[in-house]
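Hi there,

Here is the structure I promised to pass on to you. Have a look at it first, and then read my notes underneath.

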Amino acid sequence: MDPGRLLDDIREGYRMTEQEATSLLNIRGREVFSILAAADDMREKKAGNIITYVRNQNIHITNICKNLCGFCGFGKSPGDEGAYCNDREEIEKKVALAVERKVTEICLLSGVHPDFTIDSYEEILAWVTRAAPGVHVHAFSPDEVAHASDRSGLSTIGVLERLQKAGLGSLQGTAAEILVDDVRSVICPNKLNTHDWTKIIREAHRMKIPTTATIMYGSYENAPERAKHLSILREIQDETRGFTELVPLTYIHTGTPLYQQGIARAGATGLEDILLIAVSRLFLDNFKNIQVSWGKLGLKMSELSLASGANDFAGTMFADDVSRDAGAESAEYLDPVVMERIAKDLRRQLRQRTTLYDLL
Ligand code: SF4
């Protein structure tokens, strides 16, 4: 493969194959920079010259989790030191604070509590939507939908219907990690498999519940497996147009069992991080938005990612215990003033958006 010719073809509208994406993901050294430049051109064409962000707050419900994935430093077993499950009062207190901060989105993040049923999820949604009327609730992963289905004897469509009725605004595209079962059996053996993840996401999209799409890379998978994952996302997006954005999540290795046991490597390198963003931009020709996870990447790598195909700064967040517990250094609150400084440096305009990308 001649990368220069491929990039020219892509600029002319050619749709890259999975094998070509693999080849680009394997490139190292200075050749990477021509890929970044092509991705930045594509970003301009697809998403213009604005950088968006959402004013949101993460609220963690519980870190007790049935899955205990090897790449995660957050999930705990019941009774472990530091295990918690917030009650109604605690959750309402956090929601009140989010409302005071004038957020437009509340993002519920949680372990998959072994005892939660559809009633638990509905109850949590009721507390949140009552305490924050009009605020978009972005919550729950396909794994939580599958868990609620198993525990409650409902179909996954039945679970989604109940969640939608209870005020769910959009579903999280998390628990995707790498959508290749040979990888999943090592990094997250207790989570739902690729077939079930894609089934639940398609069901949500058909019900007009939008979702994000994520990729958690840099632990155990190789380039063909990353490309396979992107290919699955592109295929679903062709069918449903239900993904709002891609959220690349770089593996934070320090506090995780997979790294401590010598199974995973020490995360992606900086070049790999921006290359993943760039190749995603070039490959996912049916996605408008690619986000940077500043809590994991740090601000300087986030800026480089925004110059390599990404167009969205994610949210103000106000807390990210998941990244912090895995060893990330900067995972609390990002002031839009800081985002503005970076946007100016990139000669782009910063704009606040809703969860579904309407500009405010
Ligand atoms: S990644 Fe999610 S599902 Fe896996 S252990 Fe952590 S909190 Fe639980």
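To start with, which residues are buried in helix 7 (residues 156-165)? They are V159, L160 and L163. Looking down the axis of helix 7, you will find these buried residues within an arc of 95°, so they line one face of the helix. Please keep in mind throughout that this is a predicted model.

What covers that face? The cover over the buried residues of helix 7 includes helix 5 (118-131), helix 6 (142-152) and helix 9 (194-206). Just after helix 7 comes G167, with a positive phi near 110°.

Helix 6 deserves a look of its own. Most of helix 6 is covered, with 8 of its 11 residues buried. Those buried residues are P142, D143, E144, V145, A146, H147, A148 and S149. They pack against helix 5, helix 7 and helix 9. Helix 6 is followed by G153, and here too the phi is positive, near 70°.

Next, the ligand. Around the ligand you will find C65, N67, L68, C69, C72, F74, G75, G111, V112 and C188. By character, this shell splits into 7 nonpolar residues and 3 polar ones, with no charged residue.

On to the nonpolar interior. The largest nonpolar core has 103 residues, and those touching the most other members are I35, I106, L108, A278, V279 and L282. The biggest contribution to this core comes from helix 12 (residues 270-283), which gives 8 residues. If you would like one residue to click on, try I106: leaving aside residues up to four places away in sequence, I106 touches N56, Q57, I59, V95, A98, V128, A132, V135 and V137.

Finally, there is a tryptophan to visit. W294 sits in helix 13 (residues 294-297). Is W294 buried or exposed? W294 has 28 other C-beta atoms within 10 Å, and the cut-off for buried is 20 or more, so W294 counts as buried. Again leaving aside residues up to four places away in sequence, the residues that W294 touches are L299, S302, F313, A314 and L334. You can also check the spacing between W294 and M317, which are 23 residues apart along the chain: their C-alpha atoms are separated by 10.0 Å.

That is what I have for now. Happy browsing, and do write back with any questions!

Best wishes

Key:
Residues are numbered from 1 along each chain as its sequence is written. This is a predicted model: local features need pLDDT of at least 70, side-chain atom pairs count only at pLDDT 80 or more; totals for chains, interfaces and linings use all residues. A residue is near a molecule or strand if its C-beta atom, placed from the backbone, lies within 6 Å of it. Ala, Val, Leu, Ile, Met, Phe, Trp, Tyr, Cys and Pro count as nonpolar, Asp, Glu, Lys and Arg as charged, and the others, Gly among them, as polar. A nonpolar core is a set of buried Ala, Val, Leu, Ile, Met, Phe, Trp, Tyr and Cys residues joined through C-beta atoms within 7 Å. A residue is buried if 20 or more other C-beta atoms lie within 10 Å of its own, exposed if 12 or fewer, and partly exposed in between; C-beta atoms are placed from the backbone. Helices (H or I, at least four residues) and strands (E, at least two) are DSSP runs, numbered from the N terminus. Two residues are in contact if their C-beta atoms, placed from the backbone, lie within 7 Å. The arc is that of the directions from the helix axis to the C-beta atoms.
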